Amino acid sequence: MQIFLNNRKSNVDSNLKFGGEIDPTQRAWIEVSGKAIESNVRKLKSKLKNNCEFMAVVKADGYGHDAKVVSENAIKGGASQLGVATLKEGIKLRSFGINVPILILGNLYAKKDLLMCFRNDLMPTISTIRECLICNNIGKNNNLKFSLHLKVDTGMSRLGFECNQFVQQFNNIKSLENISVKGIYTHLACADEKNAFNPKSSAQLQREKFQKLLKLINIDNSQNIKIHIANSAGMILGKDFHFDMVRVGLSMYGYEPLVKTNEPLYLKPALFLKARVTFVRTIEKGIGVSYGSKFVSDRKTKLAVVSIGYADGINRNLSDKINLIHNKKLYPQVGSITMDQMMVDITGSDDIEVGSTMLLLGSDGKQSISPLDWADKCNSITWEILCSFKNRLPRVQVA
Ligand SMILES: Cc1ncc(COP(=O)(O)O)c(C=O)c1O
């Protein structure tokens, strides 16, 4: 079979490493700990039901961490499959020589995309009979079976076959000779809600609906079809949600998916966002800082100008609400965050100078700032904060 690959590189910039150090003039960057990803996967896997597989969800460039680094380290930790959102994301992983099964979680509806999917040995998510027939034709033309996963909509109202039509449609699909159904899955809409453990919660009702459907189509182990429902939060809801595989994103990156948990997982955040101080100045009392002068100093104030801004993906609504860490101490950001820079009140510090590194996300000693803290402050969610960092920030793999 001909495999078409594209040769784009990952975002990880090896030129940034100088004997383990970052180029001292690099203005801002993201460090990604491969070891943290590996250890998180290992820890999460140890909580799974026996023989349950772990699909590492590495869409959106590995939630902004770099899909290559995340995939390789997740596989080291025991992930046996990967989930991406788009055809291009899947092709990119194949170009890095990654050869575990890869499921495309988004919908491919064009024949040419399904053909590329087949040629790159990627599995599409299928939600209609029309797409099944296209896949069957592609398989037939190549004298092979096209591997795919079927999705059922049990309450998300996004992708998937309608529940009440699925039994009949599945019987039709079974008669197609050139497709191989490798999985049947659904997606939870409210797994991270406070009441999700409650037997009447939407997540539990979705699980029951899915289970009833599986009974009706009479799946048995000999068919080797992987059944899956759980994302990070779903996985924590218990072994009833594990089936044959879990699809985990957020917690693999080191963040608890539930606001409140009885049993913390002690995961390790893999991402450290850092930026350099490029200027230091002292202003008198009563002086405005940044656009709109919304912050006015109430005393003589020492300011550091830090070279990172909203064009790097820092939400402007975080202006005046976040802290940065230097040498295990917190310093408040002041004034509006600008496109490429932000100001930080470093009054009282004597160890911050031009070229010093400030930590925006991650931990240093007892000080720790999580994307969840930022999400709470700008009406966002941890997922969105992680995915918002732009390519202007090189990703650097660290231990
Ligand atoms: C279909 C599907 N499965 C699994 C996941 C992983 O979710 P989480 O990051 O909450 O683990 C996602 C993420 O959005 C998804 O869309």
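This report walks through a predicted model, from its confidence to its domains, two helices and a ligand shell.

## Confidence

The protein averages a pLDDT of 93. Of the residues, 93% score at least 70.

One stretch needs care. Over residues 1–8, pLDDT stays under 50. For those residues the model has 18 contacts beyond four places in sequence. Where pLDDT is low, the predicted coordinates should not be read in detail.

## Two domains

The domain assignment gives domain 1 as residues 34–253 and domain 2 as residues 271–398. Their C-alpha centres lie 38 Å apart.

Where they meet, 9 residues of domain 1 are in contact with 8 residues of domain 2. The side of domain 1 that touches domain 2 has 5 nonpolar, 3 polar and 1 charged residues.

## Helix α4

Helix α4 spans residues 87–95. Its buried residues are Leu 87, Glu 89, Gly 90, Ile 91, Lys 92 and Leu 93. Note that Glu 89 and Lys 92, both counted as charged, are on that buried list.

What covers these buried residues? The cover includes the helices α2 (59–63), α3 (67–77) and α5, along with the strands β5 (81–84) and β6. Just after α4 comes Gly 97, with a positive phi of about 85 degrees.

## Helix α5

Helix α5 runs over residues 111–119, and its buried residues are Leu 114, Cys 117 and Phe 118. Why do they line one face of the helix? Seen down the axis of α5, they fall within an arc of 95 degrees, so they share one face.

Several elements pack against these buried residues. Among the helices are α4 and α6 (129–141). The strands are β6 (102–107), β7 (123–126) and β8 (146–153). The link between α4 and α5 shows up from the other side too, as α5 is part of the cover over the buried residues of α4. Strand β6 also appears in both settings: it packs against the buried residues of α5, and it helps cover those of α4.

Just after α5, Asp 121 takes a positive phi of about 60 degrees.

## Around the ligand

Which residues surround the ligand? They are Val 57, Leu 105, His 187, Asn 231, Ser 232, Ala 233, Arg 247, Val 248, Gly 249, Leu 250 and Pro 257. Two elements give two or more residues each to this shell: helix α9 (232–236) and strand β12 (245–248).

By class, the shell has 6 nonpolar, 4 polar and 1 charged residues. Arg 247 is in the shell, and Arg counts as charged.

How values were computed
Residues are numbered from 1 along each chain as its sequence is written. This is a predicted model: local features need pLDDT of at least 70, side-chain atom pairs count only at pLDDT 80 or more; totals for chains, interfaces and linings use all residues. A residue is buried if 20 or more other C-beta atoms lie within 10 Å of its own, exposed if 12 or fewer, and partly exposed in between; C-beta atoms are placed from the backbone. Helices (H or I, at least four residues) and strands (E, at least two) are DSSP runs, numbered from the N terminus. The arc is that of the directions from the helix axis to the C-beta atoms. Two residues are in contact if their C-beta atoms, placed from the backbone, lie within 7 Å. Domain bounds come from an automatic or database domain assignment. pLDDT is the predictor's confidence in each residue, from 0 to 100. A residue is near a molecule or strand if its C-beta atom, placed from the backbone, lies within 6 Å of it.
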